[in-house]
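Thanks for coming. I will take one part of a model and go through it piece by piece.

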Amino acid sequence: MLLRIILVRIRAAFGATIRSMAEGHVHVDSRPEPVAAEWAEHARGRLRRSGHRASGAREEVVALLSAQDCCLSAQEIHDRLRASERGVALASVYRALDVLAQLRLVHRVDVGGVACYEPASPSGEHHHHAICDRCGKMDAFEDPELERLLDGVATRLGYDAGGHDLVLHGACPDCAGD
Ligand SMILES: [Zn+2]
Ligand SMILES: [Zn+2]
Ligand SMILES: [Zn+2]
């Protein structure tokens with residue numbers, strides 16, 4: 001059985017945390033690579049196999065998300081589709097995201113109380129986010145050592161962990177310096 005572990009939120013003043021972590025092994029990158037075609041194909045296949053017809057709205061959302069390097073809210077997805085003249089009703093964007101989330105094709109990230117979504121790579125490869133509670137800036141980071149620690153925690157608890165949610169909150173270097 002797969003279980004999701006909801007992790008505690010780590011609250012910190014980022015200035016110090018990220019800097020000290022960056023000296024070690026943490027890869028801080030505000031622009032991760034888009035997962036692109038590979039994920040889009042995986043998502044289309046999964047949708048098809050679960051009996052979801054390739055609706056226009058779902059296809060537009062899949063295509064847009066596959067070109068993103070990080071998460072977007074339903075409203076942002078709606079706005080971007082409209083800007084590229086592929087108008088999809090906001091309600092349809094929400095429905096498409098619901099289906100994608102149910103099939104675990106997207107990761108849901110809570111950004112200041114707003115649900116944001118990004119492609120969930122079939123390989124399990126993923127990144128985490130640091131969010132500035134003052135200016136709203138978001139950075140993405142990866143940390144193999146952190147992943148190993150979390151796997152160790154799951155093993156100790158006897159969980160076959162299917163995933164984890166982790167968001168770092170605090171003040172970004174710019175805000176912490178004020
Ligand atoms: Zn992201
Ligand atoms: Zn900030
Ligand atoms: Zn992780």
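What follows is a walk around one helix, its neighbours and the loops at its two ends.

Please keep in mind that this is a predicted model. The protein chain has 7 helices and 10 strands. Of its 178 residues, 24% count as buried. As for contacts between residues at least 6 apart in sequence, 69% of them join residues at least 24 apart.

I will start with helix H5, which covers residues 90-102. How far apart are the end C-alpha atoms of H5? They are 18 Å apart, and this agrees with the 18 Å that 13 residues should span at 1.5 Å a residue.

Now the sides of H5. Which residues in H5 are buried? They are Val 93, Ala 96, Leu 97 and Leu 100. Looking down the axis of H5, you find these buried residues within an arc of 100°, so they line one face of the helix. Ala 91, Asp 98 and Gln 102 are on the other side of H5, and they are exposed.

What do the buried residues of H5 pack against? Three helices are on the list: H2 at 36-49, H3 at 56-66 and H4 at 74-83. Two strands are there as well, E5 at 106-111 and E6 at 114-119.

Let me take H4 next. H4 packs with H5 at an angle of about 125°, and the two axes are 9 Å apart. The two helices are therefore oblique to each other. Their crossing is right-handed. On the H4 side, the residues that meet H5 are Ala 74, Ile 77 and His 78. On the H5 side they meet Leu 90, Val 93, Tyr 94 and Leu 97. Val 93 and Leu 97 were also on the buried list for H5.

H4 has a second partner to look at, which is H3. Here the angle is about 95° and the axes are 11 Å apart. H3 and H4 are therefore roughly perpendicular to each other. Glu 60, Val 61 and Leu 64 of H3 make this contact with Ile 77, Arg 80 and Leu 81 of H4. Ile 77 has come up before, as one of the H4 residues that meet H5.

Staying with H3, its buried residues are Ala 57, Arg 58, Glu 60, Val 61, Val 62, Leu 64 and Leu 65. Two of the names there, Arg 58 and Glu 60, are an arginine and a glutamate. What covers the buried residues of H3? The cover includes H2, H4 and H5, along with strands E5 and E6.

Last, the loops. Most residues other than glycine have a negative phi. Where does Glu 85 lie? It is in the loop between H4 and H5. Phi of Glu 85 is near 60°, a positive value in a residue other than glycine. Is Glu 85 buried or exposed? It is exposed, because 6 other C-beta atoms lie within 10 Å, and 12 or fewer count as exposed.

After H5 comes Arg 104, in the loop between H5 and E5. Its phi is also positive, near 55°. Arg 104 has 15 other C-beta atoms within 10 Å, so it is partly exposed. The cut-offs are 20 or more for buried and 12 or fewer for exposed, with partly exposed in between.

That is the end of the walk.

Key. Residues are numbered from 1 along each chain as its sequence is written. Chains are lettered from A and ligands numbered from 1 in the order in which they are written. This is a predicted model: local features need pLDDT of at least 70, side-chain atom pairs count only at pLDDT 80 or more; totals for chains, interfaces and linings use all residues. Helices (H or I, at least four residues) and strands (E, at least two) are DSSP runs, numbered from the N terminus. The expected span of a helix is 1.5 Å times one less than its number of residues. The arc is that of the directions from the helix axis to the C-beta atoms. Two residues are in contact if their C-beta atoms, placed from the backbone, lie within 7 Å. Axes are lines fitted to C-alpha atoms, for helices over the stretch in contact, and angles run from 0 to 180 degrees between N-to-C directions. Angles under 35 degrees count as roughly parallel, over 145 as roughly antiparallel, 65 to 115 as roughly perpendicular and the rest as oblique. A crossing is left-handed if the near helix is turned anticlockwise from the far one by less than a right angle, and right-handed if clockwise.
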